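Colleague: Before a term is applied to a model, I should like to hear the reasoning behind it. May I ask you to justify your terms one by one?

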Number of protein chains: 8
Amino acid sequence: MKAPTREQGGFADIGLARIDTDRTRRTGMPEVVFAAGKTPDAIVATMSALYATSGFALATRVLPETVPGLIARLPGATFNEGARTLRMGSLARTGHTVGVLCAGTSDLPVADEAADVLDALGHTVVRRSDVGVAGLHRLLADFADLQDARALVVVAGMEGTLPSVVAGLTRVPVIAVPTSVGYGAAFEGIAALLAMLSSCAPGIGVVNIDNGFGAAALAHKIAIGS
Amino acid sequence: MKAPTREQGGFADIGLARIDTDRTRRTGMPEVVFAAGKTPDAIVATMSALYATSGFALATRVLPETVPGLIARLPGATFNEGARTLRMGSLARTGHTVGVLCAGTSDLPVADEAADVLDALGHTVVRRSDVGVAGLHRLLADFADLQDARALVVVAGMEGTLPSVVAGLTRVPVIAVPTSVGYGAAFEGIAALLAMLSSCAPGIGVVNIDNGFGAAALAHKIAIGS
Amino acid sequence: MKAPTREQGGFADIGLARIDTDRTRRTGMPEVVFAAGKTPDAIVATMSALYATSGFALATRVLPETVPGLIARLPGATFNEGARTLRMGSLARTGHTVGVLCAGTSDLPVADEAADVLDALGHTVVRRSDVGVAGLHRLLADFADLQDARALVVVAGMEGTLPSVVAGLTRVPVIAVPTSVGYGAAFEGIAALLAMLSSCAPGIGVVNIDNGFGAAALAHKIAIGS
Amino acid sequence: MKAPTREQGGFADIGLARIDTDRTRRTGMPEVVFAAGKTPDAIVATMSALYATSGFALATRVLPETVPGLIARLPGATFNEGARTLRMGSLARTGHTVGVLCAGTSDLPVADEAADVLDALGHTVVRRSDVGVAGLHRLLADFADLQDARALVVVAGMEGTLPSVVAGLTRVPVIAVPTSVGYGAAFEGIAALLAMLSSCAPGIGVVNIDNGFGAAALAHKIAIGS
Amino acid sequence: MKAPTREQGGFADIGLARIDTDRTRRTGMPEVVFAAGKTPDAIVATMSALYATSGFALATRVLPETVPGLIARLPGATFNEGARTLRMGSLARTGHTVGVLCAGTSDLPVADEAADVLDALGHTVVRRSDVGVAGLHRLLADFADLQDARALVVVAGMEGTLPSVVAGLTRVPVIAVPTSVGYGAAFEGIAALLAMLSSCAPGIGVVNIDNGFGAAALAHKIAIGS
Amino acid sequence: MKAPTREQGGFADIGLARIDTDRTRRTGMPEVVFAAGKTPDAIVATMSALYATSGFALATRVLPETVPGLIARLPGATFNEGARTLRMGSLARTGHTVGVLCAGTSDLPVADEAADVLDALGHTVVRRSDVGVAGLHRLLADFADLQDARALVVVAGMEGTLPSVVAGLTRVPVIAVPTSVGYGAAFEGIAALLAMLSSCAPGIGVVNIDNGFGAAALAHKIAIGS
Amino acid sequence: MKAPTREQGGFADIGLARIDTDRTRRTGMPEVVFAAGKTPDAIVATMSALYATSGFALATRVLPETVPGLIARLPGATFNEGARTLRMGSLARTGHTVGVLCAGTSDLPVADEAADVLDALGHTVVRRSDVGVAGLHRLLADFADLQDARALVVVAGMEGTLPSVVAGLTRVPVIAVPTSVGYGAAFEGIAALLAMLSSCAPGIGVVNIDNGFGAAALAHKIAIGS
Amino acid sequence: MKAPTREQGGFADIGLARIDTDRTRRTGMPEVVFAAGKTPDAIVATMSALYATSGFALATRVLPETVPGLIARLPGATFNEGARTLRMGSLARTGHTVGVLCAGTSDLPVADEAADVLDALGHTVVRRSDVGVAGLHRLLADFADLQDARALVVVAGMEGTLPSVVAGLTRVPVIAVPTSVGYGAAFEGIAALLAMLSSCAPGIGVVNIDNGFGAAALAHKIAIGS
């Protein structure tokens, strides 16, 4: 399945995929492998090609049960269990700080994904967990420490209130991540998504449900952009 | 159209309707006329029959342009413009207090409906308006005054966050009213409705979108219930 | 994973969570652990911290297969199989009565959750099961016994009719709980939820689909509130 | 616009339409004109062709403001204002009885449409109005009179409960008509539609929202069918 | 769990359920057990009580893997594998005929359920399968044989077209059953449901998605009704 | 508002728009103006620029009340009232035939739009109207005349059945256009859209609701493509 | 279960199905077995009947684990693992070319189904994979090779952008296939479906989500149609 | 209605509203008046209070017909007709540049709102209009000029493709604004919203449908943030 790699105007055609080897130059962000639904062969082929080109490769949504097999074929790869990410190589530290907050402990996997991707991209990450609005004092206690971040990734499921409250407290751009945590009328994250899009607090950028990676990507672009 | 009224086992059959003259005894709450979509003839017939039976009649969702005509045919009726309610006669004061809060000024018509119905039912109403979460200090400034109410009706559109925050601050039962205020992904109140149903703060009772009357009815039953 | 517990202005930071130790004082209701989606480690850490603080801890939505492991690590904990709740310690009896009704036998798990939480919070619970509207005489037979409750939790799936009928028969505040019982156009509880929100009987407070716990929390606040 | 009518194997081609002149023979039910969205020219052409063929023509959803102009061009046509139907000629009486019930007075236009179409098709119609479940005694008072009907058309908006209760009380087939009466989570009749489809009372046939005509057509087919 | 059975005004209270022993008298249709989601204990208790009362008991949606255990505890019960129904005893033959048609072979389980329930209720059933509109000649070939039925149950998934075509060909009342057959935009039966509700052919009664039982119940009421 | 037009690599920048003057060469189809929601100034500027470049300009969804003003400023433009299209100049006849069918007379505006656009693009159009499935004989009577078309545009609202039936009768590619005709569960065309997407007859290409223009564009590409 | 086959006016009645043996003559496309949800017995019976009639049989959505059993009973059948298709016999080559493009590697199963069905129907297939819009140069690099195809099947999940971009670059008719690839707000293919239906590039025919087979059927009809 | 203004811990209570006079200090962004649905009295009171406090006031979604009356009462206020914004006073220039792109000319009102708000907040705005993906060369022609912006606000309706394409071409953070432009399956902006949330191009922050103001607020926070 692994056809010989060939550079053709900015991409590497490996048969089943055309890897975008030019992406970092254009967008400031390397191509990252979304592992869910891909075969181990496809993951290995893509990560290998990315690592060969740039000395760095990252995959998200990696199923834990596939990890031993993948690591055996991808020497030096390391797995972050909470974040479900697989990483090869490293990028330079940027010196920037990004905050990652989550409302409940059930939101941790999404927050972990965002935090690990940001770390992989070279940023320093400051965390707050279980600071939902049912007990506001948990958020306010040490909020000042977050005011120097370049961006705040705020993760919440259920009613998705936390980004609205945070955005009312800071100049730092807020990136809201709805999660599928909840049941019934939470509708797998729709309640939180709609709440974040309809927030009365202006200036919130929303990403897809459970999309910790996308939030990290936007935070990265904001952090490096100026 | 107005057939002679006749009492038949707890209702008055006026032809187009069977008025539930037994409702206050059974439920603690008189039948109230939902005027939207009813003809002036129907509103007059129903309110007259209710007033004749009990010395009290109340209608909600009354269109302002129909009010002069209605008042001409319903002697002594008074109209509350903000709440869009029409009232004849009065009920005894209960001595109970209920709070009515709303997140934004656009939520005022719904909050006004709740407040006016509660007043008509004999309760003292304490109001807070424009205390949405984008500026939390506006809510916290004088929150303690609300702690002695029998119930808090909390009205919010857009992302519908306010009831979650309020419920985390008080023992008083919170009745959440989503409003159709907002646009786009607020979906005419659906975002707020889902947020309130999915709240991480336990013990919130939710009513229909823009249903200030229903919130007042529940608050009334709670207030008189013990 | 279990960092040393430290009191900081009303919460206990145990690393993965900030436990709201101040919640009973503020809201009249202790923090309760929503076990679904949490790891056993997280459940044990949270319940232990709650129990250590207050002599009482309660978890809902506990998976039966995890119970033996949990009980081994939480001495004295007891499991209610129907309600899927895990309890440590007890609270004082309140002397109040709350009714819990359900329309069909498939709604029993949700009704059981509501009843067990109410019992844990110190209330006396009166039950009625399988009293759906397809055979109204089953409800009416001994309804009078419910008229002295402080609140009625009414659980129904499918078309969700029961709360409307009950609310037309009593002064007691009705808390409606839609369940995901049904198929096709019942849409996992949406049909019942919409019916309850749109009820022609005023004064019903609705909670999330299958949310027996939330209904109990609201009934508790109403019962103790006056 | 009115091309000469020509019979071609069971239909009359009048240019803009192919009128199904064979429909009564095949289905027991004549073609009826759905006037909403049609131009007066189209309504006149179609009703004229139907009347010329069979001595009977019926239109539903006729806008009141178009009626004078239509009647001027359709000699002998009569308009039922409540039902918004326009009728030419008559059909033989069938001797069958059909019941038409509605939950609230706002549901009357839909119930009137059903009743008028049934009358036009030759049936005797027995009515009950404003017998919603918030006051069950209004329904039960004289329910026995309905037990001899061939079918019961039960019209309800908001939570759409009435058909479930009725179907639990009778052997007569129940045809449920959800209406768009209500607001917010009633979603223009969706709440009532879903409730009726999900009813715990078996043997209810549901038609489209506000479709009084369709309910009458089904009742007609049931009544004449045996 | 099985409390002693006790007759109280038309129902038998067996603890977890109140069995409606009066239902056949009121509605012409015995109570039938919806087995999905019920425990074997509950199924056995309910069927035993029903059989003891009337000499007949029927359950639908019975999981095949539970059947051996159920039959061991319910002597004389028989299982229909295609229809997933479990039956004890029998009812008198009615002498009526009902047709059951389905569009595709994947719709057979739902059509089988309808047909078996009708058979259990004493009717003669005429079947047509795989007569969808992509090849209309398959339906038209022997359609005349269906014209003497008391009702036609028409089952279809995907785009749900068949009831519209059938209703245009016959005087017999059509009961439409959407199925969850299909994928993507068929949305688990929603496409078929909406199509059936919106049919241009008047006089179709629609039941819930996959609800073969409900269709049979309505056909039964129509068949016996006159 | 009309800035001087300037050719820049395949487009004409007129300030408020960049007109794609290269589109016919690339796609075989000229840019067409979607007039809905555009100001008269914008319509005039865009059509003038298109006409100046190619001697042909076409606009769809033109509001009738704006037509006199537009024609005054666009010399030689002609308006088709049924189709709501405005046309300047002409294209060469192609010699190809395309069929346009619609289920009901209320679908005519959409069918007219498709037919007029096809005519403007140079094709011969064969029409059939009011041939819905409630009376199949109306469709089958002269269906053979359509078998030589290059494509069949089939327009239907309500349950959207017609394309499935047509596609089962011909080798000609079928392009299905759902319309917003209907009410209630037709959901402004969603019922028809889902039915067409879920059709059991393979090989149907679906376009947006009421999108007669898009159907014509696809038919055009198919007709010229070979 | 396999009743003797009998030809009756264009179909073969095999008991559980009426096989449409006339379909190729009418529609240019043989009946194809949709295997999902069918029993192995039904698949074998149907494919055998089709093969016996025409020397060709094709099934889609075949579960890999059922293949060995099926092949054992269907001599000569071959399975395409990527496309999940099972084929017996062959059809003549048509000499036409159809393009099949997909946006991401996760869309490959759907693209493979389309490509294999087209190959089975006798067409030459040109493929492009992983050419999504996040790196447009991958699509543009060798796009000219696709300009001679009779149709382009464009497969995309997530935001479903690719067909819009492709349709802006070519005269060849574009058939858009949304896939269920994605998560959260992709809603199992709804985001892509809506985007394709709402495309600003005219002339795109959309098929159901994941419906590679339907896209191939439409491409086939277009290819042979002229 | 205008109660005397009073400063209480960071807000001015004017009776119907509590104006957040502390917002610029906390969030870097002044409170802006959302005029839709507010009475002229409320708009005047709020803008006057804001202007009195800070020398600057801005309102969005101002109805053109209310503008003369508002300007008469708000001396010095100026109205931007395209953007529907009303402005009093000014803020210091920031020296930063933000890009505002839109896909079609119908998206201009939303793009104008974003651009005007950014201008009011002191930024230099670079515009591109009508650069949708049906003609990609219109976007690529002078894209390089946008690479130095601090953020790109990308506005698109219909299928909402443009942000995905733009984000694949630049390091600058992309803020995507879906618009309600389109019809049918565009669902008032839902198609575009879902497409943007599901984009295959990482690092896009999405705001509510038609929310040009929110996009500007986020761009502002990003621009000033570093």
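Modeller: Certainly; please keep in mind that this is a predicted model. Let us begin with Asp130(C) and Arg138(C), whose side chains meet with N and O 3.9 Å apart.

Colleague: Why is the meeting of Asp130(C) and Arg138(C) called a salt bridge?

Modeller: The rule asks for a side-chain nitrogen of Lys or Arg within 4 Å of a carboxyl oxygen of Asp or Glu. The N to O distance for Asp130(C) and Arg138(C) is 3.9 Å, so the pair qualifies under the limit of 4 Å. Both residues are also buried.

Colleague: What makes Arg87(H) and Asp116(H) a salt bridge, and which parts of chain H does the pair tie together?

Modeller: Their N to O distance is 3.1 Å, and the limit is 4 Å, so the term applies. Arg87(H) belongs to strand β6 (residues 85–89) and Asp116(H) to helix α4 (residues 108–120), so the pair ties together parts of chain H that are 29 residues apart in sequence.

Colleague: How do you know whether Arg87(H) and Asp116(H) are buried or exposed?

Modeller: Buried means under 20% relative accessible area. Arg87(H) has 18%, so it is buried. Asp116(H) has 9%, and therefore it counts as buried too.

Colleague: Where else do salt bridges occur, and how many does the rule find over all chains?

Modeller: The count comes to 120 over all chains. One of them joins Arg87(C) and Asp116(C), with the closest N and O atoms 3.1 Å apart. Another lies between chains: Arg18(H) meets Asp142(B) at 2.9 Å, N to O.

Colleague: How many salt bridges cross the interface of chain H and chain B, and what area do the two chains bury?

Modeller: The rule finds 1 salt bridge across that interface. The two chains bury about 1,500 Å² between them, with 53% of it on carbon and sulfur atoms. In chain H, Leu16(H), Arg18(H) and Asn208(H) lose the most area to chain B, together 37% of what that side buries. The contact takes 22 residues from chain H and 18 residues from chain B.

Colleague: Why is the aromatic pair of Phe34(D) and Tyr183(F) called stacked?

Modeller: Two values decide the matter. The ring centres are 5.5 Å apart, and pairing requires centres within 6.5 Å. The planes make an angle of 20°; planes under 30 degrees apart count as stacked, so the name follows. The pair crosses between chains, from strand β4 (residues 33–34) of chain D to the loop between β10 (174–178) and α7 (190–197) of chain F.

Colleague: What makes Phe34(D) partly exposed?

Modeller: Phe34(D) has 25% relative accessibility. Partly exposed covers what lies between under 20% and over 50%, so Phe34(D) receives that term.

Colleague: Why is Arg61(H) said to lie over the face of Tyr183(B)?

Modeller: Arg61(H) is at 4.3 Å from the ring centre, and the distance limit is 6 Å, so that part of the rule is met. A comparable statement concerns Arg61(C), whose charged end sits over the ring of Tyr183(A), 4.3 Å from its centre.

Colleague: Finally, why is α7(F) described as largely enclosed?

Modeller: In α7(F), 7 of the 8 residues are buried, so the rest of the structure largely encloses it. Among the buried residues are Ala191(F), Leu193(F) and Met196(F).

Terms used
Residues numbered from 1 in each chain as written. Chains lettered and ligands numbered in written order. Predicted model: local features only at pLDDT ≥ 70, side-chain atom pairs only at ≥ 80, totals over all residues. Heavy atoms only, no water. Phe/Tyr/Trp six-rings, centres within 6.5 Å; stacked < 30°, edge-to-face > 60°. Helix = DSSP H or I, 4+ residues; strand = E, 2+ residues; numbered from the N terminus. Buried < 20%, exposed > 50% of the residue type's maximum accessible area, 1.4 Å probe, protein only. Lys NZ or Arg CZ within 6 Å of the ring centre and 35° of its normal. Contact = heavy atoms within 4.5 Å. Buried area = accessible area lost by both parts, 1.4 Å probe.
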